[in-house]
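Biologist: Could you walk me through this one? I'd like to see how you get from the atoms to each answer.

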Amino acid sequence: MTMPAALFISDLHLQSSHPRTSAAFLSFLEHHAQYAQALYLLGDLFEYWAGDDDLEDPFNARMTAAIRAVSDAGVHVYWIAGNRDFLVGSGFAAAAGATLLSEPHVATIAGQRVVLLHGDAECTNDVPYMEFRAMVRQPAWQKQFLSMPLSQRKSIIAGLRNRSREHNGEKSYDIMDVTPDAIAQVFSEQASTVMIHGHTHRPAVHTAGDTLRYVLPDWECDTTPQRGGWIAIDGRGNITRHELDGSIIE
Ligand SMILES: [Mn+2]
């Protein structure tokens with residue numbers, strides 16, 4: 001196997017109450033990401049992000065420093081926000097040695113145009129979520145939210161997470177997935193035929209026409225069976241999906 005040109009992960013939902021998942025992430029950075037040319041974090045790396053001033057939290061500081069070590073080793077680290085950690089800003093980027101990207105982002109990797117996104121913006125059948133997203137992605141909303149004390153922001157986020165858990169229990173499985181129309185639109189607007197995204201927690205490769213859409217797994221190592229893994233693109237442009245132990249999914 002040649003040295004990976006890029007590795008992709010998403011939906012680790014890192015939180016101090018899930019220590020095995022955090023350990024799996026640190027192991028991935030040390031044993032895999034460190035040897036890649038680029039690492040793409042495609043959203044929901046953190047279970048939530050209350051603002052860059054929460055970098056003082058020891059858990060957040062430890063995770064961020066581990067990403068920084070990979071960046072310092074010469075790996076280009078890129079970040080696309082998820083629906084849970086969209087409040088990451090320049091403070092985190094500086095601390096992690098990461099470059100924040102807006103989505104959809106088209107990266108040319110090993111000569112191949114690959115469109116990268118988290119995936120929540122393409123769940124267009126989820127109308128209440130799309131309205132919520134439109135609100136919280138506004139700079140004015142974020143500025144006002146971030147002006148609140150950190151403890152207040154954390155309690156608001158905790159309330160939203162509880163409500164979302166209750167709410168999602170009532171939704172059909174279909175409505176929580178991306179819609180084919182939204183995906184087709186991204187492919188056409190970005191003039192690309194390869195896409196990598198996360199968010200849906202339904203790892204797969206989908207073919208439609210001449211397009212290939214790779215969906216990343218979420219990570220959960222604190223329950224059994226453990227879940228996780230990543231996608232790699234090698235120097236020749238071959239795309240592979242990997243289990244947590246690094247083995248290739250055929
Ligand atoms: Mn998500």
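Modeller: Sure, and let's start with a term: a salt bridge is a side-chain nitrogen of Lys or Arg within 4 Å of a carboxyl oxygen of Asp or Glu. Keep in mind that this is a predicted model.

Biologist: Okay, how far apart are N and O in the salt bridge of R20 and D222?

Modeller: The cut-off to beat is 4 Å, N to O. The side chains of R20 and D222 do meet in a salt bridge, and their N to O distance is 3.9 Å.

Biologist: And how many residues apart in sequence are the parts that R20 and D222 tie together?

Modeller: Look at where each one sits. R20 is in helix α1 (residues 19-31), while D222 is in the loop between β9 (211-215) and β10 (230-234). So the pair ties together parts whose separation in sequence is 202 residues.

Biologist: Is R20 buried or exposed?

Modeller: To count as exposed, a residue needs a relative accessible area over 50%. R20 has 52%, so R20 is exposed.

Biologist: Now R153, which pairs with D53: is R153 buried or exposed?

Modeller: R153 and D53 meet in a salt bridge at 2.7 Å, N to O. Buried means under 20% relative accessible area. R153 has just 3%, so R153 is buried.

Biologist: What about its partner, how does D53 count?

Modeller: D53 lies in the loop between β2 (38-41) and α2 (58-72). Its relative accessibility is 36%, and the in-between class runs from the buried limit of 20% to the exposed limit of 50%. So D53 counts as partly exposed.

Biologist: Which residues are linked in a network of salt bridges?

Modeller: One piece is E103 with R133, where the closest N and O atoms are 2.7 Å apart. That pair links the loop between β4 (98-100) and β5 (105-109) to helix α4. The network as a whole links E103, D120, R133 and R137.

Biologist: Let's finish with the metal: which residues are the protein donors of the manganese ion?

Modeller: Along the chain, the donors follow the spacing D-x38-N-x34-H-x80-H. They lie 2.0 to 2.3 Å from the manganese ion, and they are D44, N83, H118 and H199.

Biologist: Are H118 and H199 buried or exposed?

Modeller: H118 is in the loop between β6 (112-117) and α4 (127-136), and H199 is in the loop between β7 (194-197) and β8 (204-208). The two histidines are 81 residues apart. Both H118 and H199 are buried.

Technical notes
Residues numbered from 1 in each chain as written. Predicted model: local features only at pLDDT ≥ 70, side-chain atom pairs only at ≥ 80, totals over all residues. Heavy atoms only, no water. Donors = N, O, S within 2.8 Å, 3.2 Å for Na, K, Ca; no water. Helix = DSSP H or I, 4+ residues; strand = E, 2+ residues; numbered from the N terminus. Buried < 20%, exposed > 50% of the residue type's maximum accessible area, 1.4 Å probe, protein only.
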